[in-house]
Amino acid sequence: MLNRLKRLIIPTTALFVFVVLNFTIGGLIKVQAADYIKKPSETHHQSFEPYPNKIVIPDPKPRGVTVRVKEVITYEVVVDEQKVASDSVTVEDLELTVVKDKKSINFHQVDCYFYAKVKQTQERTTDFLSSSRWREGEQYWLSDGGKYVEWEPWSEWYSGTQW
C-alpha cells in the first residue's frame with residue numbers, strides 16, 4: 001500500500017509543480033509582452049492644462065475653406081553688361097548662390113572683383129488680402145566664377161493699409 005501511495009504522490013507532485021511553473025512562466029511571458037509595448041516616459045508627459053490660462057475652443061467650431069494664394073518673388077541680379085547688350089543672358093546668369101556660412105568660401109584663394117546692392121521682394125495675393133515684404137542683400141562675383149549673395153533679414157509683412 002505504501003508503495004502504491006509513493007507511486008501516486010510522485011506523479012501528482014510532478015503534475016502540481018508543472019502546473020505551478022506553467023502559470024508562473026506564462027505570467028512572466030505576459031509581463032514581458034506588456035513591457036515590450038513602451039509607453040512615453042514621464043519627461044514627455046504634459047498635464048491636461050499645461051498653460052496658466054484656460055484654452056477656449058469656440059462653439060460652434062469654425063470650418064476651414066481653401067483660399068488660393070498667389071506668391072510672386074522678385075529679385076534684382078547683376079548681369080554682365082556685354083551679355084545684356086548682345087541679348088545673350090542665360091539662366092545661369094540669373095542664378096545666385098545664397099551664402100549661409102562665410103567659412104565655406106575661402107576669400108584668400110579667390111578674388112572678389114564686383115559688389116552690388118540688390119533687393120528681393122515677396123508678394124502674396126488672395127481675393128481678400130495683398131501683402132508684401134522685402135530684403136536687401138549684397139551680391140558679389142568671385143574669380144572662381146561664383147555669384148554669391150548675402151541677404152539681410154526680411155522686413156515685416158505689409159498689407160495695403162499698413163504702408
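**Exercise 1. Determine whether Glu152 is buried, partly exposed or exposed, and identify what its side chain pairs with.**

*Solution.* In this predicted model, Glu152 has a relative accessibility of 37% and counts as partly exposed. This class applies because the value lies between the 20% limit for buried and the 50% limit for exposed residues. The next step is the partner: the side chain of Glu152 meets that of Lys117 in a salt bridge, with an N to O distance of 3.8 Å. Glu152 belongs to the loop between β5 and β6, whereas Lys117 sits in strand β3, so the salt bridge ties together parts 35 residues apart in sequence. Finally, Lys117 has 57% relative accessibility and therefore counts as exposed.

**Exercise 2. Locate the two residues of the salt bridge between Arg124 and Glu71, and classify the exposure of each.**

*Solution.* Begin with the geometry: the side chains of Arg124 and Glu71 form a salt bridge at 2.6 Å, N to O. The pair links distant parts of the chain, with Arg124 in strand β3 (residues 112-125) and Glu71 in strand β1 (residues 70-75), 53 residues apart. For exposure, Arg124 shows a relative accessible area of 34% and is partly exposed. Glu71, at 41% relative accessibility, is also partly exposed.

**Exercise 3. State how many salt bridges the structure holds, and describe the network that includes Lys147.**

*Solution.* The count is four salt bridges. One of them joins the side chains of Lys147 and Asp93 at 3.9 Å, N to O. This pair links distant parts of the chain: Lys147 lies in strand β5 (residues 147-151) and Asp93 in helix α3 (residues 91-94), 54 residues apart. Next, consider burial. Lys147 has 17% relative accessibility and counts as buried, and Asp93, with a relative accessible area of 7%, is buried too. The network is then completed by naming its members: Lys83, Asp93 and Lys147 are linked by salt bridges.

**Exercise 4. Describe where Ser159 lies, whether it is buried or exposed, and which residues it contacts beyond its sequence neighbours.**

*Solution.* First, the position: Ser159 is part of strand β6, which spans residues 158-159. Second, the exposure: Ser159 has a relative accessible area of 15% and is buried, because this value falls under the 20% limit. Third, the contacts: once neighbours within four places in sequence are set aside, Ser159 touches Leu129, Ser130 and Ser131.

**Exercise 5. Summarise the fold of the chain and its contact pattern.**

*Solution.* The chain contains three helices and six strands. Read from the N terminus, their order is α-β-α-α-β-β-β-β-β. Of the 163 residues, 17% are buried. The accessible surface comes to about 14,800 Å², and 57% of that surface belongs to carbon and sulfur atoms. Turning to contacts between residues at least 6 apart in sequence, 60% join residues at least 24 apart.

**Exercise 6. Identify which elements have the lowest and the highest mean pLDDT, and where pLDDT stays under 50.**

*Solution.* Start with the whole chain: its mean pLDDT is 76, and 63% of its residues reach 70 or more. Among the elements, helix α1 (residues 2-36) has the lowest mean pLDDT, 58, and β1 the highest, 93. Over residues 31-36, pLDDT stays under 50. For this stretch the model has zero contacts beyond four places in sequence.

Note on methods:
Residues are numbered from 1 along each chain as its sequence is written. This is a predicted model: local features need pLDDT of at least 70, side-chain atom pairs count only at pLDDT 80 or more; totals for chains, interfaces and linings use all residues. Side-chain values use heavy atoms; hydrogens and water are left out. Helices (H or I, at least four residues) and strands (E, at least two) are DSSP runs, numbered from the N terminus. Buried means under 20% relative accessible area, exposed over 50%, partly exposed in between (1.4 Å probe, protein chains only). Contact means heavy atoms within 4.5 Å. Accessible areas come from the Shrake-Rupley method with a 1.4 Å probe; for residues, only the protein chains shown count as cover. pLDDT is the predictor's confidence in each residue, from 0 to 100.
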